[in-house]
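Visitor: I am new to this structure and would love a close look at one part of it. Could you pick a place where two helices pack together, and then lead me outward from there?

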Amino acid sequence: MPDIDKKDRPVTSVTDQEALDFHAMGRPGKLEINPTKPMATQRDLSLAYSPGVAVPVKAIAADPQTAYDYTARGNMVAVISNGTAILGLGNLGALASKPVMEGKAVLFKRFADVDSIDLEIDTENVDEFINCVRFLGPSFGGINLEDIKAPDCFVIESRLRELMDIPVFHDDQHGTAIIAAAGLINALELTGRDLKTTKLVCNGAGAAAIACVELIKAMGFAPENVILCDTKGVIYQGRTEGMNQWKSAHAAKTDTRTLEEAMKGADVVFGLSQKGAFSAKMIRSMAERPIIFAMANPDPEITPEEVARIRDDAIMATGRSDYPNQVNNVLGFPYIFRGALDVRASTINDAMKIAAVKALANLAREDVPDDVVAAYQGNRPRFGSQYIIPVPFDPRLISAIPVAVAQAAIESGVARKVITDMPGYARELSARRDPIASTLARLYERVRRHPKRIVFAEAEEEQVLRAAMSYANQQLGTAILLGREDLIRATAERAGIDLNRPGLEIVNARLSTRVEAYIDYLYARLQRQGYLHRDAQRLIHNDRNHFAATMVALGDADGMVTGITRNYSTALEDVRRCIDEKPGHRVIGVSLALCRGRTVFVADTAVHDMPTAVELADIAEEAAGLARRMGYPPRVAMLAYSTFGHPSGERSERVREAVKILDKRRVDFEYDGEMAADVALNRKVMEQYPFCRLSGPANVLVMPAFHSASISTKMLQELGGSTVIGPILVGLDKPVQITSMGAKDSDIVNMAAIAAYGAGS
Ligand SMILES: NC(=O)C1=CN([C@@H]2O[C@H](COP(=O)(O)OP(=O)(O)OC[C@H]3O[C@@H](n4cnc5c(N)ncnc54)[C@H](OP(=O)(O)O)[C@@H]3O)[C@@H](O)[C@H]2O)C=CC1
Ligand SMILES: CC(=O)C(=O)O
Ligand SMILES: [Mg+2]
């Protein structure tokens with residue numbers, strides 16, 4: 001019996017409590033709405049609302065197409081469900097479907113920058129549902145129907161398609177069929193099969209299954225080689241029980257009556273039914289090199305581990321993100337709608353679906369460029385049984401699929417806007433990618449490849465325990481929990497956290513065998529700064545920051561995270577008693593602000609109150625180094641309230657001096673200044689200074705002083721809707737990160753991952 005390949009094991013798994021906490025933290029749910037225009041002044045109000053708003057109203061009344069120019073319609077999709085077939089969980093009602101629909105809405109945004117809102121319609125009556133949706137056309141550029149049970153979904157979709165002049169797309173049908181077909185084409189190629197003679201069994205005869213079977217027959221599968229099963233077994237010609245017209249259309253001429261009989265000798269099996277529907281016996285009875293797509297969510301018909309225990313020649317796919325070969329409609333719907341919206345398509349037709357299938361299948365066969373490797377857990381994927389389909393985080397999807405879909409819409413005559421410059425369109429699409437997730441994903445993947453032992457210095461705190469558990473769960477390394485074991489265990493129990501999992505290690509400072517070594521180390525460092533041996537003893541025994549930092553200094557841990565219970569500067573002082581600056585470096589804090597598709601590094605947000613010119617130059621070097629290590633070629637702007645000498649003043653003088661120092665140092669990155677923030681960030685404003693040496697908008701902002709750094713990042717976060725990570729501490733000889741007091745568990749994990757990243761490979 002083959003051992004399961006390490007790659008087949010889930011990369012990350014989450015507990016029920018983690019899932020609930022994730023949905024409850026901060027503002028409950030997963031999305032909110034933000035205005036795209038200023039709404040600050042009387043004039044703004046006059047333009048946005050009465051009287052100004054009357055002008056676009058009249059324009060749209062005169063020419064409905066102008067709604068795409070004057071409203072959000074053209075980038076807005078509704079995700080609509082009645083909750084009658086939520087994933088593979090069955091009919092749990094409209095309200096219970098909301099987490100999934102919010103999820104689909106955020107995936108639209110995350111993967112394809114499509115704005116989306118979920119609408120849960122509380123009726124199981126088909127006519128009521130249709131009547132509710134049919135009048136919503138003016139609000140949206142497209143309708144994504146989701147998790148509506150068969151056969152109602154077939155009636156609902158086809159009637160709405162007739163009634164509405166925007167794309168209506170039932171994702172569980174066509175999204176699933178497109179992804180499954182793309183994966184199947186590649187799996188057939190890898191196993192040397194011809195689709196005309198391949199025998200396929202599909203378990204499930206609902207929304208997803210019927211659409212999959214229709215699509216593969218359209219691709220060339222022989223109808224006599226396709227058998228569909230449902231809860232009553234094989235759908236054979238003449239069967240009367242539990243039938244409907246959609247099942248009848250695929251009733252097979254066969255003597256088999258059960259799934260078990262049908263699967264004997266089958267080349268391919270699709271599971272679009274329910275958890276656990278495939279038995280070991282069924283899998284064992286399939287043909288050589290079988291293709292098994294167990295696509296039920298959240299739990300597949302059979303797991304890759306189970307299949308690996310039965311046979312080692314299968315190509316295995318599931319609908320889940322924690323196994324290789326994820327056949328899930330998330331690879332389709334964001335990009336298919338992106339392409340359809342961009343050409344204002346009136347529908348999503350077969351030509352567009354087939355174009356998406358081909359684009360997806362081809363992408364998995366292409367060589368993967370370096371900047372994509374991070375999306376594949378650090379391994380360079382190669383077309384093969386473990387890689388038949390791209391992963392959802394593949395950054396090439398955003399340009400490859402919408403282009404194919406838009407092109408097909410234009411050629412098949414359903415586009416209301418023609419794109420002539422397709423390469424230009426592909427470039428625009430790439431720029432829509434959300435950098436937040438890619439930056440962090442890249443960092444996490446690097447750490448996953450080189451897991452690290454990180455000490456969580458305040459492990460008696462609940463959010464720290466949660467963060468540590470998440471760190472271990474995400475296979476970033478070992479989380480060392482520092483604290484009194486009885487208190488850690490009590491907190492864990494109260495919070496429902498299971499400490500008996502691999503990757504967690506409790507260290508109690510009082511009981512550690514390393515205490516004497518740590519005291520000696522600290523005393524040797526501090527004895528000439530007025531500290532007695534007993535002071536060093538007290539610090540190691542009683543203070544977790546000193547204990548943790550000494551652990552890191554002496555190599556008992558790779559890095560450390562702290563900051564929840566003590567203010568930043570106090571925590572930093574604690575750490576610096578134990579760890580020096582890296583030779584030739586300066587310790588500073590850099591905040592990473594991710595805002596409206598841009599990433600900027602802001603420094604120094606932690607250490608230097610009123611830096612001198614030399615210190616500013618050092619800060620620029622440290623921040624540029626961090627940017628480069630995180631994959632951004634640095635363009636450093638030395639910020640001030642003035643730009644290139646005007647208006648003059650003492651504060652700007654210091655910044656100008658820092659630029660001269662950088663000139664003398666002949667540093668190997670782009671920098672310039674002094675300049676105001678708008679000059680640094682806005683290409684058009686920068687063009688007014690043609691001599692400026694930056695080749696584009698700055699991505700590293702060196703602030704003239706701590707107050708401006710701190711104030712501007714906090715304002716970005718609170719008013720600008722930016723995600724701010726950090727301050728990230730750089731320049732220390734060992735990787736230590738300090739969170740802000742009261743940080744959330746997700747912030748703490750990010751900082752722990754950054755510490756681990758800093759520990760290198
Ligand atoms: N990976 C992916 O991207 C996607 C996966 N899916 C998964 O596919 C499954 C079906 O979803 P959907 O088509 O929307 O739901 P539907 O309610 O429309 O259809 C469910 C179908 O599954 C059949 N079924 C249920 N349990 C069994 C069983 N034990 N054995 C055989 N057949 C069974 C039902 O049979 P009967 O007709 O007799 O009631 C019905 O035909 C879900 O698990 C869902 O998560 C769906 C969409 C996308
Ligand atoms: C993925 C999905 O849409 C489903 O399982 O229903
Ligand atoms: Mg679904």
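Guide: Happily! Let us begin with the packing of helix H14 against helix H17, where Tyr 335, Ile 336, Arg 338, Gly 339, Ala 340 and Asp 342 of H14 meet Leu 397, Ile 398, Ile 401, Pro 402, Val 403, Val 405, Ala 406 and Ala 409 of H17. Please keep in mind that this is a predicted model. Two packed helices are described by the angle between their axes and the distance between the axes. Here the axes of H14 and H17 come within 7 Å and cross at roughly 45°. That angle is neither under 35 degrees nor in the range from 65 to 115, and H14 and H17 are therefore oblique to each other. The crossing of H14 over H17 is right-handed.

H14, which covers residues 333–342, has another partner in helix H5 (residues 98–112). The axes of H5 and H14 come within 9 Å, with a crossing angle of roughly 70°. That makes H5 roughly perpendicular to H14. This crossing, too, is right-handed. On the H5 side the contact is made by Leu 107, Phe 108, Phe 111 and Ala 112, and on the H14 side by Pro 334, Tyr 335, Phe 337 and Arg 338. If you look back at the first pairing, you will find Tyr 335 and Arg 338 there as well, facing H17.

Now let us step back to the core. The largest nonpolar core has 119 residues, and those that touch the most other members are Cys 212, Phe 270, Ala 356 and Val 405. Helix H17, spanning residues 397–411, gives the most to this core, with eleven residues. Val 405 is a name you have already met, as one of the H17 residues that meet H14. The core draws at least three residues from each of domain 1 (6–171) and domain 2 (174–429). Phe 270 is a good residue to zoom in on: leaving aside neighbours within four places in sequence, its contacts are Ala 180, Leu 200, Cys 202, Asn 203, Ala 209, Cys 212, Phe 293 and Met 295. Among these contacts is Cys 212, itself one of the residues that touch the most other core members.

There is also a second, separate core, with 106 residues, including Val 561, Leu 572, Ala 709 and Val 749. To place it along the chain, it helps to know that the domain assignment gives, besides domains 1 and 2, domain 3 (442–576) and domain 4 (588–731). The centres of domain 1 and domain 4, taken over C-alpha atoms, are 39 Å apart. Another distance to try in the viewer runs from Ile 711 to Ala 177: their C-alpha atoms are separated by 50 Å, and these positions lie 534 residues apart along the chain. Ile 711 is found in helix H30 (residues 706–719), and it counts as partly exposed because it has 13 C-beta neighbours inside 10 Å.

For a comparison with our starting point, look at helix H26 (residues 613–629) and helix H27 (residues 650–665), whose axes come within 8 Å and cross at roughly 60°. H26 and H27 are therefore oblique to each other, and H26 passes H27 in a right-handed crossing. From H26 come Ala 613, Val 614, Leu 616, Ala 617 and Ala 620, and these meet Arg 654, Val 655, Glu 657, Ala 658, Ile 661, Leu 662 and Arg 665 of H27.

The loops on either side of H27 deserve a visit too. Most residues other than glycine have a negative phi, and most peptide bonds are trans. In the loop between strand S17 (635–639) and H27 you will find Pro 647, joined to His 646 by a cis peptide bond with omega about -10°. In the loop between H27 and strand S18 (670–675) sits Arg 666, whose phi is positive, near 50°. Arg 666 counts as exposed, because it has 6 C-beta neighbours inside 10 Å.

Each of these features has a counterpart elsewhere. The peptide bond from Asn 297 to Pro 298 is cis, with omega near -5°, and Pro 298 lies in the loop between strand S9 (291–294) and helix H13 (304–310). Asp 147 has a positive phi near 50° and belongs to the loop between strand S3 (142–145) and helix H7 (152–163). Asp 147 is buried, since 27 other C-beta atoms lie within 10 Å.

Key: Residues are numbered from 1 along each chain as its sequence is written. Chains are lettered from A and ligands numbered from 1 in the order in which they are written. This is a predicted model: local features need pLDDT of at least 70, side-chain atom pairs count only at pLDDT 80 or more; totals for chains, interfaces and linings use all residues. A nonpolar core is a set of buried Ala, Val, Leu, Ile, Met, Phe, Trp, Tyr and Cys residues joined through C-beta atoms within 7 Å. A residue is buried if 20 or more other C-beta atoms lie within 10 Å of its own, exposed if 12 or fewer, and partly exposed in between; C-beta atoms are placed from the backbone. Helices (H or I, at least four residues) and strands (E, at least two) are DSSP runs, numbered from the N terminus. Domain bounds come from an automatic or database domain assignment. Two residues are in contact if their C-beta atoms, placed from the backbone, lie within 7 Å. Axes are lines fitted to C-alpha atoms, for helices over the stretch in contact, and angles run from 0 to 180 degrees between N-to-C directions. Angles under 35 degrees count as roughly parallel, over 145 as roughly antiparallel, 65 to 115 as roughly perpendicular and the rest as oblique. A crossing is left-handed if the near helix is turned anticlockwise from the far one by less than a right angle, and right-handed if clockwise.
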